[in-house]
Every structure is written in structure tokens, then in C-alpha cells.
Amino acid sequence: MKLRLESFGELRLIDLAGQPVAFPEKGLLAICYLLDRYLQNGAGSEYPRSALARFLWDSHDNPDIMANLRKTISCIQARQTELGTELLIFTATGVRIKPDAFVCDLFELAKPDGGGALENLRRLVAVLRQDFLAVLADQSVSTRQWIAGQRDRHMAILVDALKTALPTARSREDISLIKEAALRIFRDAPDDENIRRILLEAYESEGQLENARRLFEASRHGLESALDIGLDVQALREVRKVFAGSQSPPSVMEPLSDGGSRVARPLPRLVLLPPGGMDAAGALPMLCGPLIEDVTIGLCALNTVSVVAPHTAARIAGHADKAELILRHSISYVLDTRLTDHALFVQLIHASGDEVIWAERFNLEKYDLISHRRDIARRIARELAGQVRRHETMRHSFEGNSAAYHSYLLGLRDVKRLSLPDIRRSRKAFREALQHSAHFAPALSGLSRTFVIEWLLTARGDRELLGLAEDYANRAIVADPSLAAGFRELGVAKLYLGDIDESLLALKLAEELSPHYADGIASYADTLVHASRPADALIKIDRAISLNPLSPTDYLWTAAGANFALGHYTEALEQISAIDDRTPADRLSAACWAMLGDMKNARLYMRKVREIYPDFDVDKWLSVVPFKEQWQKEQYREALRRAGF
């Protein structure tokens, strides 16, 4: 009787009628292990009993493992006699398998690719739907390590097959197969950008982008739970090896489970700059240096970032031209720290784009710094590890394509300037980036932002611009639901479309995804102004400014708007005066001066607005600017009428 051994999912023997056949589990595990050696190395020779015992029970010194093996062999031999077949042959010192005595699903992985790339992929997908040895009652450390290595190898085989089959996929059935294979790989490597891109294109071809969004959103929570200090982020496994050809130049060799090696991208370099004023009197400055060193030591435990040593960091912090040294030493990220009154302000900056990724203020008054120093250090290190990892995942989409990344950075620079020429230049750059990577979420969210800003600057109430902003924001969310920027832009678009409640919900989600995302919090504050909650808005915008002290124009504009709504017209004008280019805020300046009774200045700013927008109409403008409560709209109308509009 020729039996079938199934090893993917539940480990079991099946007879010709498809019914399970009882057999000792350790015996089935031994068959899988020896069969793998036979298939990989042609190792059909006898395997030592002692080595098999150590594999099954994991002990070099415990004499009981040989007794356990003898009992297991006795049970296996008795059962084989009952079945009238030999799957394992035992001698006085060893054991070997009879591969012709049974069939096994592992044979499918060793078959030559005879039926073409798509047929080979279809066969592998059918075999690999479930994990190898997914259910085992008892496992030794050696067994667990071997199973993990086998699963990695199986995924590498599947990825190779997917990459080979991808160019030949034409029909709807072919695309469905590609999607199924990518979904199986995604289960093991949910943050692999290549697999995400394949899935997006497959779902898009089927008109099911919303399903892709839900899939990526569900995976985000599992990924974030892996981010913790002292534990490296889940490796990308063998799937990365296949796509290494399109990555950046080699610098490091990583070991593989089969003893070989592969090329890996260089780790991003992070420097932690100690705060200035360390020589000041008092315990706080004296302890902040060791605090930063504790953070550095914590980060050195990770394999996802290369940390510059504290001595070099201190030299960079004291140098007159920090930017030159950062460039010279190929530093990717800078943690800038500043010591203020009883507080430590930290700010993580991506050096290439001069972009603030994360910032936080630690109020040290509430800590006994001597006893809590390492707790604070662990908290900072944990946050840094997560922020760098998330930013690197985004950045890796552009590796190997410097033109695309360059276009994105140009768009990011220009979108921060509130003028029509800059906004349109930014839009062009984001579109160029998307030509190289159609589903790159940051560029999609950047495009959304350009349409909203143009809508604000032109003051024509063009809903087509807002519709485009909403569309690109939704596409950004689908492309990467873990990115707060997509939800931020959706919230802003929804605000000006008049869906204030939906706007608040989207911006709340953005804040939950990234509690230190200053731009997202600033947009949340702006929506609170329009929701007729200016006091809450001021709290939010103050938080955003504390995270990003050298604030961009729109932060100050939002703060001015909140103060105007509260009747704090002088404070609003102070916020406007801090803006470099105050032209976009001229309407609000005119309104503030009018409410303060200074008609000379009110008329001055009214004329400035008329020079740029000669057809500006108060009632038309207020009909499209959303305010939840009528009192706020009437306040703005009265102020603009007084100013002469």
C-alpha cells in the first residue's frame, strides 16, 4: 500500500481512499527531515541515531533522549508491520528513509519546471497555501529552527517563480494567479514594497483597490507590534534576495540559512547630537549627556540602523558646519536635542530632505532623572527605531531610481511655499515621481495637497480641484494605509468639500497613526477652527508648533485664524507678522485691522488683495468656505465688509 505524506498544514499520512492513517508524530517528523536531506543533497545514506535524537529532543547531555528514541523506534516499527510497509529503515546505529515507499507534497517543490512559468507557479501556490508543518504538538529548539529555515526556503522558491511568471501573465486568470501568489508571500513579508506593488496592480486591474486598502490596513497593526527596543524588526526573509538586482549598490554581505550570502543595502546611519549648554551648572545638564548615551546604547542593540559613536556625535554637535560633516560621514538621520527650562526637546530629521520626521518634548520636572534616566532613554530609543524603520520602508521604494526620489524631494520642498508658481512646480515634480513609481503614497498625498492649496490661493471655489485632492488622498491611503499623510490630506479635502465631521474623523485617524506628526496635527487644528471650536484648535496648533518650532507658514496662518475666531485680533496679527510671505494672509490681516478699528491698515490690505484677485467677492467666498456654525461666518463677513470688500 503506497501512502501519501502531507506536510503543509497538518502533518499526517493518507491512504489511497483519502483517509488519515495513524502513525507516531515523531516518526512523521523524522521522515520529513530525512526526506528534505534526500531531496536537497541526495543524502539517502544512513543518518546516525544520536543525531536524529538530538534533532527531535534537543539535548546533548540528557541520556533520556536515546531512551526516548528507542521507544519511538519501537512504536514506528510496530505500526509499519501493521501497515505492511516500510517508510523508515532502522539499523543498530542509524536510520534511513525509503522514498519510493510513499508520495509526499514535498516532492512537488523538487519537480523541474516542465509546464511553463505560469503552470509552475500554479503548482507551487497549490502546495504552499498552508505553512510547512503548521501544527505540531511538541517541538525542540532544533526542530523549530529547521522548520523556520524550510519556510524561508519555500517562500524564496515561490518568489522566484512569481518573478519568472510575472512578465508572461496576460489573461484575467493569469492575473488572479499572480495575485494569489503575491498574497501568499505578503502573509510572510507584509512590508515588502515589491510584493505590495504587485498586489496593488493586480487589485487595480480587477477594480478592487478598496480591498487592497483593507488588506494593507489589517497588516499594519501586526507590523507595528514588532517594533520594540532590544528586538530587531522582523527580517524580510528570502523574498528580499530576489529583488536585490534592482536595489542600490552592495556594501554588506548577509548570511543565508543555506550557508551562502547575499548582498544587502547599507544600514541607515543615525547620529544623536547632545544638547548644547552641557557645561551649565545644575544636575539637569550634567545628566542629559549620559541620557543621550543611554539612548545610543539602546539603539546599538538593533540591526536596522547604524549609530554614530557618542564621541563623533559630540564633535559634530560642536562643529561650526554641522551640515558639511553630516554629508561627509554619509549620515541619513540626525536626532537634534535641545535643553530648555526643565525640558528636553528632541527632533528627528531626515538629512537628505531636511525633513522633520518626529519631535517630542520631555518635561523633565516630573522625573527623578537619576532613577528614571534609563526609562526615558528606552522610550526615546523605541520611538526612534520605529520612526526610522517606517521612513526607511517608504524611502526604499525609490532605491535604484535616483531620478524618482529626486523628483519627490523637489516636490516636498516646493509644496511648503504658499504661492501658485511653487505649488504648480511641486505638482509637476510629484507627477514625475509617480511616473517612476505609480503607487508611491507620499507623492500621491503630496499631489492631493497641491490641489487644496491651489483652491485656497485662487479663492474661486473650484470644486474640481477639491475632487482631485480627495481622489489622490484616497489613492495614497490605498497605497499605504499606515501613512498618516494620506488621512491628513483626505481630512483637508473633506473639510473644504463641506464634510466637516468626516474631516475631523480622518484627521483623528492621522493623529492616531502618527501622534508626533506635526503637519497632521496642524491640519487637525485648522479643521477645528472651521468646526467652530477655535479654543480646541489653539491647543492643537500649539502642540504642532512645539513639535516643529521653526514653523511653516500654514501653522501660523491656522493659529491666526483660531485667534481671529476667538476675537483675539492683536494676537492674530502677531501670528501673521511672523510669516515670511504674508501675502496669502492679506484677507485675514484686513479683517483683523478692521475689527480693531484701524481702517487705514484695513484698507491697505484690502487693496493688496484686490491687486492679486480683482474679482474677489465676499459672499461667494464665504459660500464655499465651510464653517459649522453661522456666527463664525457672520464674524468674517462683517470684518471683510468693514475692511472695504
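Guide: Let's start with a yardstick: the expected span of a helix is 1.5 Å times one less than its number of residues. Keep in mind as we go that this is a predicted model.

Visitor: What makes the span of H20 agree with the expected one?

Guide: H20 has 14 residues, which at 1.5 Å a residue should span 20 Å. Its end C-alpha atoms are 20 Å apart, so the two values agree. Helix H26, residues 599-612, passes that test too: 20 Å is expected for its 14 residues, and its end C-alpha atoms lie 20 Å apart.

Visitor: How do you know that the buried residues of H26 line one face of the helix?

Guide: The buried ones in H26 are Ala602, Tyr605, Met606 and Val609. Look down the axis of H26 and they fall within an arc of 105°, so they line one face. Lys600 and Glu611 are exposed on the other side of H26.

Visitor: And which residues of H20 are buried?

Guide: In H20 they are Ile500, Ser503, Leu504, Ala506, Leu507, Ala510 and Leu513.

Visitor: Why is the contact of Glu511 and Lys540 called a salt bridge?

Guide: The cut-off is a Lys or Arg side-chain nitrogen within 4 Å of a carboxyl oxygen of Asp or Glu. Glu511 and Lys540 come to 3.0 Å, N to O, and since the limit is 4 Å, the name fits. Glu511 sits in helix H20 (residues 500-513) and Lys540 in helix H22 (residues 534-547), so the pair ties together parts 29 residues apart in sequence.

Visitor: What makes Glu173 and Arg122 a salt bridge?

Guide: Their side chains meet at 3.8 Å, N to O, and the rule asks for within 4 Å, so this pair counts. Glu173 belongs to helix H7 (residues 172-188) and Arg122 to helix H5 (residues 117-127), so the bridge joins parts that are 51 residues apart in sequence.

Visitor: Why is Glu173 called exposed?

Guide: Exposed means over 50% relative accessible area. Glu173 has 54%, so it is exposed. Its partner Arg122 has 26% and counts as partly exposed, because that class runs between the 20% and 50% limits.

Visitor: How do you know that Glu634 and Arg637 are about one turn of the helix apart?

Guide: Both lie in helix H28 (residues 630-643), three residues apart, and that is about one turn. Glu634 and Arg637 also form a salt bridge, with their closest N and O atoms 2.8 Å apart. Glu634 is partly exposed, at 34% relative accessibility.

Visitor: How many salt bridges does a search of the whole structure find?

Guide: The search finds 27 salt bridges. There is a network as well, linking Arg449, Arg488, Glu489 and Asp554.

Visitor: What makes up the lining of the largest cavity, by class?

Guide: That lining has 18 nonpolar, six polar and four charged residues. Of its 28 residues, Leu456, Tyr496, Asp526, His530 and Trp557 lie nearest the centre. H23 supplies the largest share, six residues. The space inside comes to about 560 Å³, and the whole structure has seven cavities of 30 Å³ or more.

Visitor: Why is Leu133 called buried?

Guide: Buried means under 20% relative accessible area. Leu133 has 1%, so it counts as buried. You'll find Leu133 in the loop between H5 and helix H6 (141-165).

Visitor: What makes the phi of Leu133 worth a look?

Guide: It is positive, about 50°, although Leu133 is not a glycine. Ser532, also not a glycine, has a positive phi of about 65°. Ser532 lies in the loop between H21 and H22 and counts as buried at 11% relative accessibility.

Visitor: Is Pro421 buried or exposed, and how do you know?

Guide: Its relative accessible area is 54%, so Pro421 is exposed, as the cut-off is over 50%. Pro421 is found in helix H16 (residues 420-436). Its C-alpha atom is 9.8 Å from that of Glu454, and the two residues are 33 apart along the chain.

Visitor: And why is Leu183 called partly exposed?

Guide: Leu183 has 28% relative accessibility, which lies between the 20% and 50% limits, so the label fits. Leu183 is in helix H7. From Leu183 to Ile195 it is 12 residues in sequence and 8.1 Å in space, C-alpha to C-alpha.

Terms used. Residues numbered from 1 in each chain as written. Predicted model: local features only at pLDDT ≥ 70, side-chain atom pairs only at ≥ 80, totals over all residues. Heavy atoms only, no water. Helix = DSSP H or I, 4+ residues; strand = E, 2+ residues; numbered from the N terminus. Buried < 20%, exposed > 50% of the residue type's maximum accessible area, 1.4 Å probe, protein only. 1 Å grid on protein atoms, 1.4 Å probe; cavity = no way out; pocket = protein on both sides within 12 Å on 5 of 7 lines; lining within 4 Å. Points joined across faces, edges and corners; volume = space filled by probe spheres on them. Nonpolar A, V, L, I, M, F, W, Y, C, P; charged D, E, K, R; others polar. Arc of directions from axis to C-beta.
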